[in-house]
Amino acid sequence: MQVQKQQNIKSNNIKMVLGIIKDRQSTEISRADIVKITRMSPTSISRIVDILISRGLVREDDVVTTDRAGRKGTGLKVIPEGILTAGVSIDSDKLGLCIMDFADRVVASKEFMLKQQKYEPEEIISLIQEMFTDVCGESPYGKEQIGAVGISCIGNVDYKKGDIYFAPQFGWNHIDFGIRARQALGRPVYMENDMKAAITSVVWQEKKYMDEDVTYLSIGMGVGSAVMFHGIIARGSDNAFGEVGHVIIQPNGRKCDCGQRGCVQTTLTRNSLIEECQEAGFDITKVEQIFEAYRTGQEWAVEFIDRTAGDLAMLIRNLVYMYNTSYILVGGALILDFPELLHLAKKKLSDLIHINLYSSLHIIQVRTQNNSMTGAAFIAQANRINEIVESI
Ligand SMILES: [Zn+2]
C-alpha cells in the first residue's frame, strides 16, 4: 500500500512537471522556474527533468534564459516526436484521421466521406486502417512511430472498456470496437464519445477553460453537448451526460426517430432544416440554399431562420438551467457555415434567461473544425503519457 502510494506521488510529480513544460512552449521555462511554480526542491525537479530528457520527451534548448535576479538557466522544450498519436473521428457522414505530435500540432490529416448505407464495424475498421497508412505516408513520421490511437464515435461509448454500446446511425449495439481496432491497428486504442472528445480538444487548446465550467454544444449532422467542470468531464452513470439531441423543445413538433415529437434533432440538424423546408413546399435539397435565400433577404427564409434561431436559443436556455456553466462554446459544421444562426439566437437569449444567470454567461462560437478528431488524438496522447510515466 505504502509502496503504491509512493509510486503514485512520483508519477503525479513527473506528470505535473511535464505538463508545466508542455504548457509553456511559447515562453522559455527553466528548472528554476519549475521550482518556483511547484515549490518542490531544486534536486527533485532536476531529477525529474533528467528522467524526462532520458525518455526522449523533453530537451534542453540552446537558448539560455536569465531570470529577474540575473540567474541563468537553460530553457526546456518538449520533443515533438516524443509522443506521436493518431486521432480518428467516426461521424454519421464521414471519417476523419490525423497524426498529432507532442507539441500538439496536427502534422497530417485526411477525411473520408461515408455513403448513405449501414456499415458493419469491420468495414469501418478497415477504412480506418487504410486511412492510417495513407496519412502516415503523408506525415513526416513513420507508421511505427505512432504510439497510440484515439477513436471518437457518435453514440454511447464505454470509454473504459472501449465498447460502443449504442450507435443508432450505424445500427450498432454492444460492439467491442476498441478491442477489434487495437488488433487491426497493432497498437493501443482509446475510445471516447465524439462530444467528449470534442470538448477535450477545445478546452486543452484554450487552457483558460480548464479553470472554468464549460459546455460544448455542437450543431451539425446531429446535435450533442458535453460538459467540463474545471477540467473534469461530466460523464453520468453511462457516459451519456450531455446527450441533448432528444431534449424536447417543441412539444407538438415534428416526429423524431425516437418516437417522440419536437426533439432538438427534429429542428436543428442539417437534414431537419432541409426536411422542414421541403415539408413547407420549398424546393430545397441543400442547406446552403436556405442560407443563400436568407442572405438575399427572401422573406420565407428570414422567417424560417428566425424560428430556427428561436429553437437554438431555447436549447441554449435549457443548457444554462441544466448545467449552469459560465461558458457555452457553440461549434459544429452548421454553425461554422452559418454563424448568423448563433448571432440571432444570442439576441433572443437576454429575454429567455434570468438576469442573474445571463450576466455571467459567455456564449462563444468555436471556429476550429474536426474537434472530435483532434480530441481523440489528445486522449491517446494523455494515455501514452500515463503509460510512459507509470513505467518509470
Ligand atoms: Zn427524439
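**Close-up 1. Strand 14 and strand 15 in the predicted model.** In this predicted model, strand 14, which spans residues 327-331, is paired with strand 15 in the parallel sense, the two being joined over four bridges. Within this pairing, Ile328 is the residue that stands opposite Ile363 of strand 15.

**Close-up 2. The open sheet and its edges.** The sheet is an open one, formed by five strands that follow the order 13-12-11-14-15, and its pairing is mixed. Its edge strands are strand 13, made up of residues 232-233, and strand 15, made up of residues 362-365, each of which pairs on one side only. Helix 6, covering residues 194-205, packs on this sheet, where it touches strand 11 (213-219), strand 12 (223-229), strand 13 and strand 14. The direction of helix 6 makes about 50 degrees with that of strand 12.

**Close-up 3. Packing of helix 8 against helix 9.** Helix 8 (residues 287-295) and helix 9 (residues 299-323) pack with their axes 7 Å apart and at an angle of about 110 degrees. Because angles of 65 to 115 degrees count as roughly perpendicular, helix 8 and helix 9 are therefore described as roughly perpendicular to each other. The crossing in which helix 8 passes helix 9 is left-handed.

**Close-up 4. Residues at the contact of helix 8 with helix 9.** On the helix 8 side, Ile290, Ala293 and Tyr294 take part in the contact, and they meet Ala301, Val302, Phe304 and Ile305 of helix 9. Sorted by class, the contact of helix 8 with helix 9 has seven nonpolar residues, with no polar and no charged residues.

Definitions and conventions: Residues numbered from 1 in each chain as written. Predicted model: local features only at pLDDT ≥ 70, side-chain atom pairs only at ≥ 80, totals over all residues. Axes fitted to C-alpha atoms, helices over the stretch in contact; angles between N-to-C directions. Parallel < 35°, antiparallel > 145°, perpendicular 65-115°, else oblique. Left-handed = near helix turned anticlockwise from the far one by under 90°. Contact = placed C-beta atoms within 7 Å. Nonpolar A, V, L, I, M, F, W, Y, C, P; charged D, E, K, R; others polar. Pairing = 2+ DSSP bridges.
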